[in-house]
Amino acid sequence: RAEVLLRQAKPERQTMAKRIVIVGAGQAGGQAIDTLIRAGHEGTITLVGAESHPPYQRPPLSKKLLAGEMQVERTYLKPLQHYQDKGVTLHLGCAATQIDLDGHTMTLDDGSDIAYDKLLLATGSRARMLTLPGCELHGIHALRDLDDAQAIRDSIHADHHMVVIGGGFVGLEVAAVAVTMGMHVTVVEAGPRLLGRVMPPAMSSWFESLHAAQGVQIRLDAKVAGFEGNDKGHVRAVRVDDELL
């Protein structure tokens, strides 16, 4: 009797939405597409991404891609042809500017509208830029997306000086690549040790010794006060405490 009652109480399987729109062409958006396809979704799938690239892996940005050991296409989760073969519509280089929840439509920055039955927001995060004197100068980079990595790669030149602000994993990976390619590198960390949020003190010391042995200069308990530029509007030095690097 209990088994019969359970079967009667089991809800009917809901029909999957016909039109699914995913906002955010990062790894989460790309994985969502793969999951929908494998689940047998028979409606349309549309992916909207502000970047001009399809979903890609981010870990290589500070390692193999930055070092020139990996081509851009190798970072893609799936080849572009895959989305065409699966009937996925890509709107790349377009940002969503407005969502009409009642009308189930979304407006892009090119003025076009997209209708949806279900909407997935997978926009991720942005790099938090420093708001210090001189922060508008050319040659100051953040590393968040593929275009950032390519811009940093283009700025790597042997015997030039790179200052990396932040002694976390990404900062140390960039420093390791740059010093291997012949740059003079200084890592500036506001805290008392490297990787302070994710590693115990013993491991922080080990990483500090490892990078120092490769020639990376490390400044701990250091405060960045601003940036100095040249007459062409390009950064030439970083003011750390009372010293120019």
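A residue is called buried when its relative accessible area is under 20%, exposed when it is over 50%, and partly exposed in between. Keep these cut-offs in mind during the tour, and remember throughout that the structure on the screen is a predicted model.

**First stop: two strands and a helix**

Begin by selecting residues 44-49, which form strand 2, together with residues 88-92, which form strand 3; the two strands run parallel and are joined by five bridges. To see how they are placed against each other, pick out Ile 45, which stands opposite Val 88 in strand 3. Now add residues 80-85, which are helix 3, and you will have on display a right-handed β-α-β unit made by strand 2, helix 3 and strand 3.

**Second stop: a pocket**

Next, select Gly 24, Ala 50, Glu 51, Thr 123 and Ser 125, which are the residues nearest the centre of the second largest pocket, out of the 22 that line it. Helix 2 (27-38) and strand 2 are the elements that give two or more residues to this lining, so strand 2, which you have already selected as part of the β-α-β unit, comes into view again here. The volume of this second largest pocket is about 600 Å³, and its lining consists of ten nonpolar, seven polar and five charged residues.

**Third stop: salt bridges**

How many salt bridges does the structure hold? There are six, and three of them are visited here, starting from a residue of the pocket. Keep Glu 51 selected and add Arg 58, because the side chains of these two residues meet in a salt bridge, at 3.4 Å from N to O. Is Arg 58 buried, exposed or partly exposed? Its relative accessibility is 24%, and since this value falls in between the cut-offs of 20% and 50%, Arg 58 counts as partly exposed.

Then select Glu 173 and Lys 63, which form a salt bridge whose closest N and O atoms are 3.5 Å apart. Glu 173 belongs to helix 5 (residues 169-180), whereas Lys 63 lies in the loop between strand 2 and helix 3, so the pair ties together parts that are 110 residues apart in sequence. Glu 173 is partly exposed, at 23% relative accessibility, and Lys 63 is partly exposed as well, with a relative accessible area of 35%.

Finally, select Asp 117 and Arg 19, where the closest N and O atoms of the salt bridge are 3.0 Å apart. Because Asp 117 sits in the loop between strand 6 (113-115) and strand 7 (118-121), while Arg 19 is in strand 1 (residues 19-23), this pair ties together parts that are 98 residues apart in sequence.

Key: Residues are numbered from 1 along each chain as its sequence is written. This is a predicted model: local features need pLDDT of at least 70, side-chain atom pairs count only at pLDDT 80 or more; totals for chains, interfaces and linings use all residues. Side-chain values use heavy atoms; hydrogens and water are left out. Two strands pair if DSSP finds at least two bridges between them. Helices (H or I, at least four residues) and strands (E, at least two) are DSSP runs, numbered from the N terminus. A crossover is right-handed if, with the strands pointing away from the viewer, the path from the first strand over the helix to the second runs clockwise. On a 1 Å grid over the protein atoms alone, a cavity is a set of points where a 1.4 Å probe fits but cannot get out, and a pocket is an open set with protein on both sides within 12 Å along at least five of seven lines; lining residues have an atom within 4 Å of a point. Grid points are joined across faces, edges and corners, and a volume is the space filled by probe spheres set on the points. Ala, Val, Leu, Ile, Met, Phe, Trp, Tyr, Cys and Pro count as nonpolar, Asp, Glu, Lys and Arg as charged, and the others, Gly among them, as polar. A salt bridge is a side-chain nitrogen of Lys or Arg within 4 Å of a carboxyl oxygen of Asp or Glu. Buried means under 20% relative accessible area, exposed over 50%, partly exposed in between (1.4 Å probe, protein chains only).
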